[in-house]
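Trainee: I should like to learn how to read the features of a structural model. May we begin with the empty spaces and then proceed to the helices and side-chain pairs?

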Amino acid sequence: MGEGEALLGNLDRSLFRYIWRNSRREQLAILTMVIVSLPFYYVSLDLPKQIVNDGIQGQGFISPGSTQTYFQINLPFADALFGEPVTLFSGFELDQTATLMTLSFAFLTLVIVNGLFKFVINTKKGQLGERMLRRLRYQLTDRLLRFPIPYLKRVKQAEAATMIKDEVEPLGGFIGEAFINPVFLGGQALTAMGFILAQSIWLGSVALGIVLFQAFLIPKLRNPILILGRQRQITARQLAGRIGEVVAGGVEIHAHDTSNLERAEVTGRLGVIYRIRYEIYRRKFFVKFLNNFLAQLTPFIFYAAGGYLALQGSLDIGALVAVIAAYKDLPSPIKELIDWDQRRQDVQIKYEQVIEQFAPPVLIDEKLQAFESETLEKLTGEIILSNATVMDEGDSKVLDSVTWRGPVEGHLALVGPSGGGREVFASAVAALEPVSSGHIAVAGKDLADLPESVTGRRFSYIDGGAYLFGASLGENLTYSLKHRPADRHDMTEEQRHALKEMQSEARHSGNPIWDFDADWIDYRSAGVSGPEELRQKLLQVCGLVELEEDLYRFGLAARFDPSEDDELAGKLLGARRALAERLVAEDEEDLVVRFDPDTYNANASVAENILFGLPRDKAFEGAALPDHPVLRKSLEDAGLLEKLEGVGLQIARTMVEIFADLPPGHPFFEQFSFIEAEEIPDFRTLVAKSEKGGTQGLSDEERRRLLALTFNYIEARHRLGLIDEELEQRIVAARKSFAESLPEEERAGIAFYDPESYNPAATLQDNILFGRLAFGQARADETVQRMILSILEDAGLRQAVMTLGMDYDIGFGGKRLSNAQQQKLALARALVKEPDLLIVSNALMALDGAAQRRILKRVLEEREGRGVIWSLHRPDLAREFGEVALLSDGRLQESGTFQELAVEGSALQSLIQASGGGE
């Protein structure tokens with residue numbers, strides 16, 4: 001077995017070997033069922049002949065009331081084999097009528113039996129295929145996790161995802177039928193062919209000849225289609241990878257005005273795919289035409305030649321009917337066998353192409369990622385690099401024979417020009433960059449032999465491009481602690497049963513049986529005893545990297561269910577009252593317009609004033625609100641419906657006038673955000689139409705759009721003077737009518753404002769405000785924020801608010817965070833697990849210089865007595881470290897203390913001056 005073959009591990013080059021090795025037992029069970037079904041199928045072919053000849057024509061019945069023996073079972077071809085018939089079952093004596101009924105019901109029974117066989121066989125095939133597909137997808141993902149980091153960086157995310165998700169999908173349908181279909185369909189075809197030959201050797205020979213001709217010709221014609229299919233798959237995968245790059249490089253595309261270039265490239269790729277697919281269709285449907293023609297040619301011969309033989313008395317009518325009925329079933333399995341052979345070649349190509357992409361030159365030994373970890377002891381001793389050399393993809397030395405040693409507990413700064421080797425030094429010590437020669441040892445053990453259960457728990461590595469997962473901020477923080485699941489002791493019997501079923505199915509599919517829903521957090525690794533202490537630890541680490549203020553803001557924007565924490569909800573209601581008192585005490589009460597059940601709030605939208613709450617159901621949101629029947633009736637009863645539609649018409653007319661000559665993106669669009677630039681032409685048409693008959697001349701849909709405009713209108717913000725005092729009073733009256741009329745089952749769809757209740761649909765800050773900031777008040781937001789912060793700190797709620805901020809969804813790849821926030825979060829994640837060795841590479845480049853220095857000093861102080869290796873893009877920061885190593889051109893130029901290396905005229909001093917550093 002060659003090196004490439006060996007690297008495939010539990011994946012075979014041959015799809016059939018892979019299938020047989022992983023599903024031998026299930027395949028044999030289904031094949032046994034297939035073989036058992038064939039005698040029943042043969043008998044069902046013979047019955048139509050007996051029904052016509054005996055039951056209907058009465059052959060063999062000498063006189064009325066006479067009987068014959070039926071269901072006597074003889075061994076097929078026994079005369080030819082043994083010279084005499086061999087009876088397997090003697091049968092029953094029946095008259096003609098009983099014969100007709102019995103044979104007919106026997107035929108019906110066999111139809112049911114054969115149908116059940118097909119049902120069970122196909123169901124088992126499907127189950128087997130899905131299990132094998134699940135196994136294959138898991139194994140491919142498992143191999144992806146074993147790719148060395150340098151190779152993994154070259155893998156296009158979209159292409160890898162497409163291969164695992166889409167390209168192996170057809171394999172699932174084929175795997176279940178890989179061995180079963182040839183036996184099942186071939187057995188049916190041979191049974192039908194044998195039956196036809198037994199009835200007429202001439203007709204059987206014709207059928208056999210055409211079938212053999214099909215089996216020879218059709219695969220020949222389909223080979224070019226398979227080649228085209230391979231090209232289609234490759235081009236489609238490349239298109240997916242390119243689209244993934246377009247998404248990832250969106251900023252650069254818009255910044256450099258290359259969107260049309262990308263459109264042109266995608267058009268070219270789509271054109272290639274189109275030509276390939278069109279050629280596939282052209283060839284495929286020609287083959288289908290030819291196949292159908294040959295399938296219909298044989299019945300023509302049977303009708304013509306068989307009919308002639310029947311007229312000549314050489315073939316009885318029942319035998320002819322039985323031959324035609326048997327051949328009716330013959331083309332289907334033959335066609336399916338030919339289709340199966342095409343699928344076999346197609347999926348073999350797909351399988352080979354996929355596994356080739358998952359066979360890198362080197363794979364991480366699966367033993368290094370073993371789930372069962374050894375006892376993790378604190379790493380002590382030295383880090384030793386002995387002639388360590390790292391090669392890049394072009395076989396150039398990016399780390400050249402570096403020799404260095406230092407204590408694990410030391411603080412080492414790596415400095416030098418970018419690309420000079422300091423980044424590679426850091427990733428090599430983190431076991432993320434394999435050395436091609438020499439070796440690295442940590443705590444007396446060769447780094448290459450350390451399992452990930454050691455390097456992934458006792459080390460922490462972070463660089464400037466650290467990836468953040470599309471989850472909450474807190475989940476990203478604790479990601480570094482999730483090593484193994486804890487046993488769940490609080491499961492219900494139903495949950496326990498569901499878990500056992502999941503684990504049983506996972507075993508059948510060759511997947512691990514670990515419980516993803518269990519608590520995977522290793523609390524001991526973080527130096528805490530449980531969830532409550534961990535929350536405190538997370539807040540502490542966030543403070544260390546200056547992420548506290550961000551957490552606080554996220555927490556103010558968070559929502560939570562007060563039923564889950566009555567005590568916190570009560571304290572926040574206290575903060576609401578305290579803010580109201582503080583505003584009065586500081587004579588700033590005009591900064592917040594509070595919600596009052598009896599008063600219209602001009603700083604809130606018309607919809608919010610009518611609902612007097614926030615929607616929790618889509619029926620009360622956006623475009624759906626104008627159609628709500630209870631709301632419409634409340635507005636009609638208050639005489640408001642036409643009035644508000646008229647307000648909407650005035651808004652539309654004003655917007656058309658204001659935006660008539662403004663380009664999209666003008667600041668007015670932000671102020672009047674309820675209308676988009678592309679909607680202006682529609683509203684212009686609507687306004688022109690209303691000039692003749694007002695709102696009455698408009699359609700229901702147009703009036704609904706006007707009502708939606710009104711619902712989004714905020715008088716204090718938009719300042720069009722459309723909501724006067726009289727209209728405010730009528731809206732407040734409609735508010736009360738709506739609340740009273742709303743059915744009980746719909747009330748949960750709105751979180752009504754209540755001065756004495758916490759509103760779960762509002763943010764934490766809005767709950768404390770219980771109103772809206774007054775538009776146009778200078779420094780209103782800054783002043784109120786200062787008051788809220790003071791009140792929360794006085795009430796001891798600041799940490800509780802930051803804890804809620806842990807639930808903030810940071811978006812895919814952390815896109816909802818700034819670059820600086822992303823780097824702070826990544827560093828905090830690395831620190832949470834209390835590693836023995838923290839390895840950092842250019843991880844704070846997005847922060848300003850002062851923040852970098854503050855965080856670096858704070859981290860070094862907190863990690864006194866524990867190891868730190870930090871690759872610095874600012875060499876002046878190296879003065880904070882106990883030792884400095886300068887690398888250039890992949891070589892270690894010198895090492896020592898900062899004072900020793902930063903003398904006048906030294907290489908380090910030159911670096912500091914070039915970077916603009918220094919005190």
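Trainee: How many cavities of 30 Å³ or more does a search of the whole structure find?

Mentor: Please note first that this is a predicted model, in which local features need pLDDT of at least 70 and side-chain atom pairs count only at pLDDT 80 or more, while totals for chains, interfaces and linings use all residues. Residues are numbered from 1 along each chain as its sequence is written, and side-chain values use heavy atoms, with hydrogens and water left out. As to the general idea, rolling a probe the size of a water molecule over the atoms shows where empty space is left. A cavity is a set of points, on a 1 Å grid over the protein atoms alone, where a 1.4 Å probe fits but cannot get out. Grid points are joined across faces, edges and corners, and a volume is the space filled by probe spheres set on the points. In this structure, the search finds four cavities of 30 Å³ or more.

Trainee: Which residues line the largest cavity?

Mentor: Lining residues are those with an atom within 4 Å of a point. The largest cavity holds about 70 Å³ of space, and its lining consists of N842, A843, L844, M845, Q852, L856, W870, S871, L872, H873 and L877. Helices (H or I, at least four residues) and strands (E, at least two) are DSSP runs, numbered from the N terminus. Here α33 (849–862) and β16 (867–871) each supply at least two residues of that lining.

Trainee: What is the make-up of this lining by class?

Mentor: Ala, Val, Leu, Ile, Met, Phe, Trp, Tyr, Cys and Pro count as nonpolar, Asp, Glu, Lys and Arg as charged, and the others, Gly among them, as polar. The largest cavity has seven nonpolar, four polar and no charged residues in its lining. By contrast, the second largest cavity, of about 40 Å³, has three nonpolar, one polar and three charged residues. Its lining is formed by Q540, V541, L544, L831, E834, E862 and R863, and helix α18 (residues 531–544) gives the most, with three residues.

Trainee: Is L877, from the lining of the largest cavity, buried or exposed?

Mentor: Buried means under 20% relative accessible area, exposed over 50%, and partly exposed in between (1.4 Å probe, protein chains only). L877 has 2% relative accessibility and therefore counts as buried. It is found in the loop between β16 and β17 (883–888). Contact means heavy atoms within 4.5 Å; leaving aside neighbours within four places in sequence, L877 is in contact with Q852, R853, L856 and L872. L877 and V415 are 462 residues apart in sequence, with their C-alpha atoms 9.4 Å apart in space.

Trainee: Which residues of helix α14 are buried?

Mentor: Helix α14 (residues 422–429) is mostly covered, with eight of its eight residues buried. They are R422, E423, V424, F425, A426, S427, A428 and V429. Just after α14, A431 takes a positive phi of about 65 degrees. For the protein chain, 46% of the 919 residues count as buried.

Trainee: How many salt bridges does the structure hold?

Mentor: A salt bridge is a side-chain nitrogen of Lys or Arg within 4 Å of a carboxyl oxygen of Asp or Glu. The structure holds 31 salt bridges. One of them joins K571 and E567 at 3.5 Å, N to O. Both residues lie in helix α20 (residues 566–585), four residues apart, about one turn of the helix. K571 is partly exposed at 39% relative accessible area, whereas E567 is exposed at 56%.

Trainee: Where do D598 and K736 lie?

Mentor: The side chains of D598 and K736 meet in a salt bridge at 2.9 Å, N to O. D598 lies in the loop between β11 (592–594) and α21 (606–611) and K736 in helix α28 (residues 725–741), so the pair ties together parts that are 138 residues apart in sequence. D598 is exposed, at 53% relative accessible area, and K736 is partly exposed, at 39%.

Trainee: Which residues are linked in a network of salt bridges?

Mentor: The network links K537, E834, E862 and R866. Among these residues, E834 and E862 also belong to the lining of the second largest cavity.

Key. On a 1 Å grid over the protein atoms alone, a cavity is a set of points where a 1.4 Å probe fits but cannot get out, and a pocket is an open set with protein on both sides within 12 Å along at least five of seven lines; lining residues have an atom within 4 Å of a point.
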